[in-house]
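Here is a short report on charged side chains and how they pair. Look at the sequence and the model first.

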Amino acid sequence: LGLVWSGGYGVERKVAGARQSKPGETLSYQENQLLAGMLRTALTSEIKDTAAGDKILEFYRSAAGPAIAIEACQGCYAKYEPASGRIVLDSEMIQQYLRVNSLTAEALLKDKKQIAALAKYVSPVFVHEATHQQQHAWADKAGVYKPYTQEDEIEANSMEALYTLEKLRKDPAFKGLFSR
């Protein structure tokens, strides 16, 4: 996922993506907590009715559901933490999303359409990390020692690609978000 889009967006958006956040474009700890809960709901709505998304939603019906957190990810867009069972979305990625889309944290949190748009944006990486969560759950249930392998990443990348291709074909808003 590229965070600074090219073509049709102008230099202003590229600069906004690269600059530091202004005070209204940062999320406090409380706002991160609120946004994480809102994204949990919005992401499950966003991924439904896709092959990869429905597989993940079926997994969450038999499990506790996605635990979403927003924190610094140290150079990644998102990660699955097996010890906590959380999918962590990078706070800097979300703050960059705010800058590029000329949003404040307050405006984002007050607008369901903006939450849905953010969920649409992060949905491919969410599918990727949820696949890692499924892998860990399978190993735990089977009582199998399963260290992280290259094949785990291949499966997660494949699920993300399957999801992305299907959304690009079916969802004009998704296609527009990633093709601009």
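What follows is a tour of some salt bridges in this structure.

The model is predicted. A search of the whole structure finds 12 salt bridges. Side chains of opposite charge can pair when their charged atoms come close. Three of the pairs are set out here.

| Pair | Closest N to O | Where the residues lie |
|---|---|---|
| Lys-120 and Glu-46 | 3.1 Å | helix H6 (residues 112-142) and helix H2 (residues 29-47) |
| Lys-120 and Asp-171 | 2.6 Å | helix H6 and the loop between helix H7 (150-170) and helix H8 (172-179) |
| Lys-110 and Glu-106 | 2.8 Å | helix H5 (residues 105-110) |

Start with Lys-120. Its salt bridge with Glu-46 has its closest N and O atoms 3.1 Å apart. Lys-120 is in helix H6 and Glu-46 in helix H2, so this pair ties together parts that are 74 residues apart in sequence. Lys-120 also meets Asp-171 in a salt bridge. Here the parts tied together are 51 residues apart in sequence.

Are these residues buried or exposed? Both Lys-120 and Glu-46 are buried. The relative accessible area of Lys-120 is 14%. Asp-171 is buried too, at 12%. A network of salt bridges links Glu-46, Lys-120, Lys-167 and Asp-171.

Now turn to Lys-110 and Glu-106. Their side chains form a salt bridge at 2.8 Å, N to O. The two residues are 4 apart in helix H5, which means about one helical turn separates them. Lys-110 is exposed, with a relative accessible area of 65%. Glu-106 is partly exposed, at 48%.

Notes
Residues numbered from 1 in each chain as written. Predicted model: local features only at pLDDT ≥ 70, side-chain atom pairs only at ≥ 80, totals over all residues. Heavy atoms only, no water. Salt bridge = Lys/Arg side-chain N within 4 Å of Asp/Glu carboxyl O. Buried < 20%, exposed > 50% of the residue type's maximum accessible area, 1.4 Å probe, protein only.
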